[in-house]
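User: I'm new to reading protein models, and I'd like a close look at one part of this one. Could you choose a strand, tell me what lies around it, and then lead me outward from there?

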Amino acid sequence: MQKNDWFLFVCFLLSLLLAAPQVHGSVPFPVSPPAKKTYKIAAEWALPPFSYVAANGSLTGASIDIMEKIAAYNNIVFEYIPMDLAQAEKELRAGKIDAIAGLTYSARKNKMFDFSDPYFTMSDTLIVPNKKRNSIRSMSDIRNSHVVLQNREAVVESLFNLRHTNLTITDNQLSGLLALLQGRADVFIGNKWTADVYLQHFKQQDSFAVLEIVVEPADFAIAVRKGNDPLLNVMNKTLAVMKTKGEISAIINDWLTPGFAVQINRLQHFIQLLMIVLGATACILLFIYIWNQRLKKAVQERTKELSTLNGYLQEQRQQVADRDAFKEQILNNIHTGIVTFDLDFSLTSSNSRAEEMLHSSREAPLSIQHSPLLTRIIAHDKDIRDRKEKRDDSLTKLEINEQEEWKVIYYRLLTLYDAQKRQTGYLLSMTDRTEEKRLEQKLIVQEKLHALGQLVAGIAHEIRNPLTSIKTFVEVMPDKYDQPHFRQAMMEYIPAEIDRLNAIVTDLLDYARPRSPSQEKYPANALLSSLLTLLRVTVEKKHICMEHIVHEDLVFYIDPQQIRQVFLNLLYKCDRCGRTAVNKKNHRYR
């Protein structure tokens, strides 16, 4: 191996020996690891970024991270207690704590405590309001000023030698800085990193200045109780290893550089922004000429596009106008009246049929707003909706019979919505079916008269038969009255024929004048026989072959007269339907 390689190998072995924790006793490898010992370590509670109480209540900072490294190297546990320095010194002298992290070295304190090797050198500086930053360039410029500072012996002694200076001593730097921020002091002397942290915390960094004036540099070290050499040796050896590895510098830089890094980043961002602006300016100047050359061509292209779009827009307008005209023609030529309203039932549009039904005109379409028929329809719809007798999509019938004018109107009132499903108004469609209803009634009357004519023809034929029988008996009575069998036949047939006439007249009266139903047991065969008797003339005239098959023991529980009327109506319906069928010689009904 070369000399450089040997040198690096030896340094590596030495670093391992220095970093390894010492093992006491004669056993080099214990069976079980020793229990960790806990030491109570005090540190300032308001000295960021070196030591301070975090939001979660724990003590943190650069000094605490260094102590954690020392604990990890030596397999020991440190319990951190936040205190003011004056209280921490009393607790350390009384033996209630084992060490103070981050205590500044002085000759007086060295007589009371044992100090480790320093791990950071720090000097105080001046923090003043912005209005005084240009008038203070050295320590001598703070004469006749009220100065507040933490109790550091070297700084206090130097200020005592400065005449006409009013001094206020505080237990920690936060109290002194608050006195400055609240206007109770003119100058604060303290740690510039701590001051910068608190100024940013209170958002006062733009109102106060941290001057670059060095005031009595001091070493940060770890203080232990006088005579506690084992703990002091552990601290010194571990600090030496950490300095060799650069771990202390890394921890300090992690805590102290963010502020400077922010300033550097701001400067870099400014430079980058400046370069971007210069580059953008150059690009703008470079492209102005090209843009100026292409502007005319671009304007021409845009003009052509706008002309094309204008033609397309005119075409779209024409299509929209044609569609509107088409829709208007459809609406004005349908048989249904269409009216639209807004949410307050104020008229918005109507077609020709609606204006005709509501007695309005194209010149004054809004006059139908007060049309009696329209008012009657809206009131009728509201009434049946209040009674919950109507569905939204159902067709409603309104019958009006006032002032000798009878009308039948069918209407449907629907709700209108826009594209966002918001209600915009109402649509009323209505149809006047008065003439249809009148024609239906006339047709019903005609059908009744036709049915009555056929019934009368059948009854006349049935009446003629018994009358013929009676007439025959009357005519031969003078010649054959003396014959016993003639008298017996006459007494048998004449009353039967008279009953038959009476039954026919009774059926006719019952058909013309309905009565309350009277149910009884009635044979089906007798019912059909009586029906065929009434229809015999019509059946023979139409060449219809009537064929009925009825069980002899079939009996109905009915009102014979009313059921007979029902069957007569049905048979007349069949006869009307048969007229539209293909004309055949014989029709067979079964």
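Analyst: Let's start with a facing pair: I127 stands opposite F188 in strand β11. I127 belongs to strand β8, which covers residues 120-129 and is joined to β11 by 4 bridges, the two running antiparallel. Two strands are said to pair if DSSP finds at least two bridges between them. Strands here are DSSP runs of E with at least two residues, helices are runs of H or I with at least four, and both are numbered from the N terminus.

Before going on, a word about what you are looking at. This is a predicted model, so local features need pLDDT of at least 70 and side-chain atom pairs count only at pLDDT 80 or more, while totals for chains, interfaces and linings use all residues. Residues are numbered from 1 along each chain as its sequence is written, and side-chain values use heavy atoms, with hydrogens and water left out.

Back to β11, which also pairs with strand β9 (residues 146-150): 3 bridges join the two, and here the strands run parallel. In that pairing, V147 stands opposite V187 in β11. With partners in β8 and β9, how many of the residues of β11 are buried? The count is 5 of the 5 residues, 187-191, so β11 is largely enclosed by the rest of the structure. "Buried" has a cut-off: under 20% relative accessible area, with exposed being over 50% and partly exposed in between, using a 1.4 Å probe and protein chains only.

Now meet a residue that touches this strand. Q173 is found in helix α6, residues 173-181. Its relative accessible area is 3%, so Q173 counts as buried. Leaving aside neighbours within four places in sequence, Q173 is in contact (heavy atoms within 4.5 Å) with A46, L47, D124, Q150, F188, G190, N191 and T194. You have already met F188, the residue in β11 that I127 faces. The side chains of Q173 and Q150 are also joined by a polar contact of 3.4 Å. A polar contact is a pair of N or O atoms within 3.5 Å; within protein, one must be able to donate a hydrogen and the other to accept it, and residues adjacent in sequence count only if both atoms are side-chain atoms.

L47, another contact of Q173, leads us to a second sheet story. L47 stands opposite S51 in β3, and β2 pairs with β3 (residues 51-53) in the antiparallel sense over 2 bridges. These strands belong to an open sheet of 3 strands in the order β2-β3-β4, with antiparallel pairing. Which strands stand at the edges? They are β2 (46-47) and β4 (59-60), each with a single partner strand, so one side of each is left without a neighbour in the sheet. In the loop between β2 and β3 you will find P49, and the peptide bond from P48 to P49 is cis, with omega near 5°.

Loops hold other details too. N144 is found in the loop between β8 and β9, the two strands that partner β11. N144 has a positive phi of about 60° although it is not a glycine, and its relative accessible area of 63% makes it exposed. K203, in the loop between α7 (192-201) and β12 (208-210), likewise has a positive phi, near 55°, without being a glycine. Its relative accessibility is 70%, so K203 counts as exposed.

For one more stop, try T38 in strand β1 (residues 38-44). T38 is partly exposed, at 45% relative accessible area. Apart from neighbours within four places in sequence, T38 is in contact with V77, E79 and D98. The C-alpha atoms of T38 and N75 are separated by 9.7 Å, though these residues are 37 apart along the chain.

Finally, step back to the whole protein. It has 16 helices and 22 strands, and 32% of its 590 residues count as buried. Among contacts between residues at least 6 apart in sequence, 64% join residues at least 24 apart. The contact of Q173 with A46 is one you can trace yourself in the picture.
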